[in-house]
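Q: Could you take me through the salt bridges here, one pair at a time? I'd like to know who pairs with whom, and how exposed the partners are.

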Amino acid sequence: MSAVSQENSYDIRPATDNDWPGIWSVLEPVIREGETFTWDRDTDEETAKAKWMKEAPGQTFVAVRSADGAILGTGEFHANQAGGGSHVANAGYMVGAQHSGQGIARALCAYSLKGAKAAGFRSMQFNAVVESNVRAVWLWQSMGFKILATVPEAFNHPEIGYVGLHVMYQKL
């Protein structure tokens with residue numbers, strides 16, 4: 001699979017173990033903020049690494065700045081369920097706040113859709129898109145995801161309180 005890039009400012013490629021410090025530098029602030037992911041805000045680095053780093057048929061990948069290899073964002077995809085549900089992928093993406101608005105999340109998602117299809121997944125499902133994360137909801141919809149359902153008050157946002165979680169889906 002070829003790398004995805006935008007104006008040659010960054011490339012997306014599979015992550016290696018050596019990428020972990022850069023991945024953690026992206027994940028930790030997002031996790032601590034607690035506004036867009038359902039992870040415990042006090043998740044430690046070891047637990048985060050075990051949750052984020054995926055093995056085939058899943059994959060963890062990174063957006064790296066072309067000029068110096070700095071990690072700007074990261075994503076992962078994996079089977080949403082085991083057994084009879086293992087043909088449906090699930091994915092997550094995190095981008096460093098200082099790199100927001102540069103198309104990185106879109107590129108990470110596009111990479112995961114292509115990679116998941118190549119790995120044999122038939123569709124992709126997001127289980128928990130925070131309703132108040134309107135930029136992400138808009139972005140995923142613009143990439144072909146549909147909101148199947150919203151679970152009311154399923155996410156306790158640290159600033160605005162209880163908001164819904166969208167379940168979103170796309171056939172690959």
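A: To be counted here, a salt bridge needs a side-chain nitrogen of Lys or Arg within 4 Å of a carboxyl oxygen of Asp or Glu. Keep in mind that this is a predicted model. By that cut-off, the structure holds three salt bridges.

Let's start with Arg-13, which pairs up with Asp-19. Their closest N and O atoms sit 2.7 Å apart. The two partners don't see the outside equally: Arg-13 is partly exposed, at 29% relative accessible area, whereas Asp-19 has just 8% and is buried. Buried means under 20% here, so Asp-19 falls on that side of the cut-off.

Next up is Arg-32 with Glu-28, where the closest N and O atoms are 3.3 Å apart. Both residues belong to helix α1 (residues 20-33), and they are four residues apart, which puts about one helical turn between them. Why does that spacing matter? An α-helix has 3.6 residues a turn, so residues three or four places apart point the same way. As for exposure, Arg-32 is partly exposed with a relative accessible area of 29%, and Glu-28 also counts as partly exposed, at 29%.

That leaves Arg-65, bridged to Asp-68 with 3.0 Å between the closest N and O atoms. Arg-65 comes out as partly exposed too, with 30% relative accessibility.

Notes:
Residues numbered from 1 in each chain as written. Predicted model: local features only at pLDDT ≥ 70, side-chain atom pairs only at ≥ 80, totals over all residues. Heavy atoms only, no water. Buried < 20%, exposed > 50% of the residue type's maximum accessible area, 1.4 Å probe, protein only. Helix = DSSP H or I, 4+ residues; strand = E, 2+ residues; numbered from the N terminus.
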